[in-house]
Amino acid sequence: MNQTIATVALVVRDFDEAIVFYRDKLGFALVADTDMGEGKRWVVVAPRGGRGAQLLLAQANGDDQLAAIGNQTGGRVGFFLTTDDFARDYAAFRAAGVRFLEEPRHEAYGSVAVFEDLYGNKWDLLEPKG
């Protein structure tokens, strides 16, 4: 059996503000932005050159989904963005205004720093030791 997690849904407040963050601040590619009618869209972003999962930006619908924005993982780091050049990406993200919650750490497994997306979801920027 050969399986892959291809796409992960991320609940967002607004399609366009989420696109701006992921595309313009993190440098992700806008893979799809398809009008599905009745205000619904299929919006997918992914790291450029990446081979991992993509993010489906799912605009919140209803109070329960609105309440989950920014806290989909209960305050834990829930998303892990690996890179082949931690220093380059850390500097680029800082220059773009991405908010880091800590200074970079150099652990046995690699270089890492936690940052927040525009809604407060926690991400690791991680360059694994190879």
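Mentor: A polar contact is a pair of N or O atoms within 3.5 Å, of which one must be able to donate a hydrogen and the other to accept it. Please keep in mind that this is a predicted model.

Trainee: What makes the approach of aspartate 117 to tyrosine 119 a polar contact?

Mentor: The side chain of aspartate 117 reaches the backbone nitrogen of tyrosine 119 at 2.9 Å. The cut-off is 3.5 Å, so the pair qualifies. Aspartate 117 also has a polar contact of 2.9 Å with the side chain of asparagine 121.

Trainee: Where is aspartate 117 placed, and which residues does aspartate 117 contact beyond its neighbours within four places in sequence?

Mentor: Aspartate 117 is in the loop between β8 and β9. Beyond those neighbours, its contacts are Leu10, Phe21, Tyr22 and Trp123.

Trainee: Why is aspartate 117 said to have no salt bridge?

Mentor: The nearest side chain of opposite charge, arginine 13, is 8.9 Å away. A salt bridge requires a distance within 4 Å, so none is assigned to aspartate 117, although this residue is buried.

Trainee: How do you know that aspartate 124 has no salt bridge either?

Mentor: For aspartate 124, a buried residue in strand β9, the nearest side chain of opposite charge is arginine 105, at 5.7 Å. That value also lies outside the limit of 4 Å, and therefore no salt bridge is counted.

Trainee: Why is the aromatic pair of tyrosine 22 and tryptophan 123 called tilted?

Mentor: The structure holds 10 aromatic pairs. In this one, the centres are 6.0 Å apart, and the planes meet at 50°. Centres within 6.5 Å make a pair, and an angle neither under 30 nor over 60 degrees makes the pair tilted; both conditions hold, so the name applies. The pair links distant parts of the chain, with tyrosine 22 in helix α1 and tryptophan 123 in strand β9, 101 residues apart.

Trainee: What makes tyrosine 22 and tryptophan 123 count as buried?

Mentor: Tyrosine 22 has 0% relative accessibility, and tryptophan 123 has a relative accessible area of 4%. Buried means under 20%, so tyrosine 22 qualifies, and so does tryptophan 123.

Trainee: Why is the pair of phenylalanine 100 and phenylalanine 115 tilted?

Mentor: Their ring centres are 5.6 Å apart and their planes stand at 55°, so the pair is tilted. Phenylalanine 100 lies in strand β6 and phenylalanine 115 in strand β8. Both residues are buried.

Trainee: How do you know that strands β2 and β3 pair?

Mentor: They are joined in the antiparallel sense over 7 bridges. At least two bridges are required, so the strands pair. One of the bridges joins threonine 34 to tryptophan 42.

Methods: Residues are numbered from 1 along each chain as its sequence is written. This is a predicted model: local features need pLDDT of at least 70, side-chain atom pairs count only at pLDDT 80 or more; totals for chains, interfaces and linings use all residues. Side-chain values use heavy atoms; hydrogens and water are left out. Helices (H or I, at least four residues) and strands (E, at least two) are DSSP runs, numbered from the N terminus. Buried means under 20% relative accessible area, exposed over 50%, partly exposed in between (1.4 Å probe, protein chains only). Lys and Arg count as positive and Asp and Glu as negative; His and the chain ends are not counted. Contact means heavy atoms within 4.5 Å.
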